[in-house]
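Colleague: Please take a close look at one part of this model, the largest nonpolar core, and set out what surrounds it.

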Amino acid sequence: MFSARLLVGLGVVSLLGLWAPEARAVGVPAGTSIDNTAQVTYTVGSVSATATSNTATVTVAEILDVVVTLQTPSVPVIAGAAQQELLYRVTNTGNGPETFRLQMTSVIAGDEFDPVAAAPSIYFDTDASGDLSPGDVPYVAGSNDPVLAADAFVTVVVVNDIPAGVVDGNRGFSRLLADARTGTGAPGTTYAGQGAGGTDAVVGTSGADGEATGQYLVAGVALSAVQTQAVADQFGGTRPLPGARIDYTFVVSATGTGSASGAVFTNDIPAYTTYVPGSLRLNSAALSDATDADAGDFSAAPVARVSVQLGTLTQASGSQTVQFAVTIN
Amino acid sequence: MNSRTQFYAFVALIACAFTSQAFAQGQSCISLKTTAQVEKEVVNEKGEKSKVLVPAGKVVPGTEVVWTVTANNTCKQASDKVVIDNPVPEHMTLVANSAFGAGSQITYSLDGKSFAPAGQLTVKENGTERPARADEIKHIRWQFKDSLAPGAMAIARFRAVLN
């Protein structure tokens with residue numbers, strides 16, 4: 001029984017090295033004292049006695065660990081666009097307060113173009129807006145390096161310009177790197193006495209540095225509308241006489257890899273014609289003339305005009321057919 | 001009984017009376033010592049790797065610490081019913097099945113009051129009893145079956161991971 005238990009114990013331990021920190025976000029805070037005191041009771045003859053041991057103490061060393069995560073999925077851009085943003089989060093996954101240095105690079109293999117780092121190119125998302133805004137403070141290495149408590153994070157905006165000449169479907173990578181100022185290295189590397197409160201600092205599984213790579217995707221989209229018309233005169237023919245009706249059909253389609261959000265079709269009613277009330281249709285479904293819950297409306301003033309909200313259009317959306325009719329005055 | 005044997009019996013009686021009296025006055029017979037160590041891999045000149053225990057001074061979360069309690073009998077009499085108690089240190093999690101001590105029966109406790117052998121501790125959860133997990137064990141007790149002879153040493157050991 002005893003030997004079996006011993007073997008099990010040793011078997012488990014042999015799998016673990018001296019420094020085998022688990023990938024937990026944060027452990028016991030650096031500098032904490034772990035104390036242990038044992039007690040023994042026994043008898044000598046008929047007399048019972050108790051004794052306590054010394055208190056053995058181990059001090060929790062500081063783990064240096066950092067994780068950088070991309071907060072922005074692929075950012076759609078167009079050629080020549082300035083100040084395009086990628087959002088990152090830098091999290092101190094160690095167990096003590098640590099200062100981190102930030103760097104970015106946009107010269108990375110595997111993409112079709114290199115975004116051009118703006119100046120400055122790294123900002124703190126000071127106002128927590130999730131994008132670059134006037135209140136955001138630029139990062140200056142060595143000057144305002146972020147100091148993060150254990151498990152705390154800071155949100156960072158990386159800003160690049162997109163070169164002219166890139167074409168639809170091109171990708172450009174940009175990377176944010178963060179490393180612990182105390183030091184980096186192979187996991188287990190120890191910086192004696194340099195941890196929080198004078199304890200040792202030990203490089204964790206991350207190597208005390210982290211990085212994440214974001215992507216700009218040139219995503220052009222073009223909306224086109226093809227117009228056809230049919231004239232019906234009051235005599236059964238197709239002549240554009242006063243009183244004749246013209247049925248217009250517009251086929252709107254998106255081409256390219258991007259998406260057009262908030263697309264609106266508008267068309268002024270041609271001069272010398274009058275809109276036929278109730279004739280507006282989207283994909284054959286009737287739309288009321290009033291400005292209401294449905295996607296379309298007709299307004300008589302200041303300019304007689306029909307408009308239809310098409311929402312977000314992509315190439316995959318397929319074509320949208322808008323129809324309305326006028327009569328010739 | 002000749003005079004020589006009488007003399008030895010007398011000396012033995014004196015010695016016995018002396019130690020009994022000294023013990024009764026509060027002198028401790030068992031000296032208890034706790035140490036914290038971690039395993040370190042070393043490589044010898046032949047390139048063979050092995051594990052040695054080195055003192056644990058500063059450790060990072062996730063590290064397994066080997067806690068060793070040694071009980072030395074410093075008296076000239078045997079100590080009986082030797083029981084070592086050790087709480088699992090705060091911020092640490094007991095490594096399952098890691099406690100051992102030659103010649104001892106080991107029991108565990110969740111609260112430091114009721115002790116039971118491994119596998120017999122239960123926790124009530126949602127109205128049903130389930131076996132306690134290693135991380136819920138807060139106390140370990142080693143009950144040594146045999147007396148601890150004068151000068152002898154008993155060892156209790158367990159491993160715990162820093163949270």
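Modeller: A nonpolar core here is a set of buried Ala, Val, Leu, Ile, Met, Phe, Trp, Tyr and Cys residues joined through C-beta atoms within 7 Å. The model is predicted. Its largest nonpolar core has 78 residues, and Val59(B), Val65(B), Ala71(B) and Ala160(B) have the most contacts inside it. Strand S12 of chain B, residues 153-162, gives the largest share of this core, six residues.

Ala71(B) can be followed outward. Leaving aside neighbours within four places in sequence, Ala71(B) is in contact with Ile30(B), Leu32(B), Val82(B), Ile84(B), Leu148(B), Met153(B) and Ala154(B) in chain B, and with Val40(A) in chain A. Apart from this core lies another, of 15 residues, including Tyr275(A), Phe298(A), Leu313(A) and Val326(A).

Now the chain around Ala71(B). Chain B has 12 strands and one helix, and along the sequence the helix comes before the strands. Of the 163 residues in chain B, 33% are buried. Among contacts in chain B between residues at least 6 apart in sequence, 73% join residues at least 24 apart.

Chain A, which supplies Val40(A) to the contacts of Ala71(B), has an open sheet of five strands in the order S5-S14-S11-S7-S9, with mixed pairing. Strands S5 (75-77) and S9 (147-148) of chain A stand at the edges with a single partner strand each, so one side of each is left without a neighbour in the sheet. Within this sheet, S7 (residues 98-105) and S11 (residues 171-180) of chain A pair in the antiparallel sense over six bridges. Met104(A) has Leu176(A) in S11(A) as its bridge partner.

Note on methods: Residues numbered from 1 in each chain as written. Chains lettered and ligands numbered in written order. Predicted model: local features only at pLDDT ≥ 70, side-chain atom pairs only at ≥ 80, totals over all residues. Pairing = 2+ DSSP bridges. Helix = DSSP H or I, 4+ residues; strand = E, 2+ residues; numbered from the N terminus. Buried ≥ 20, exposed ≤ 12 C-beta atoms within 10 Å, placed from the backbone. Contact = placed C-beta atoms within 7 Å.
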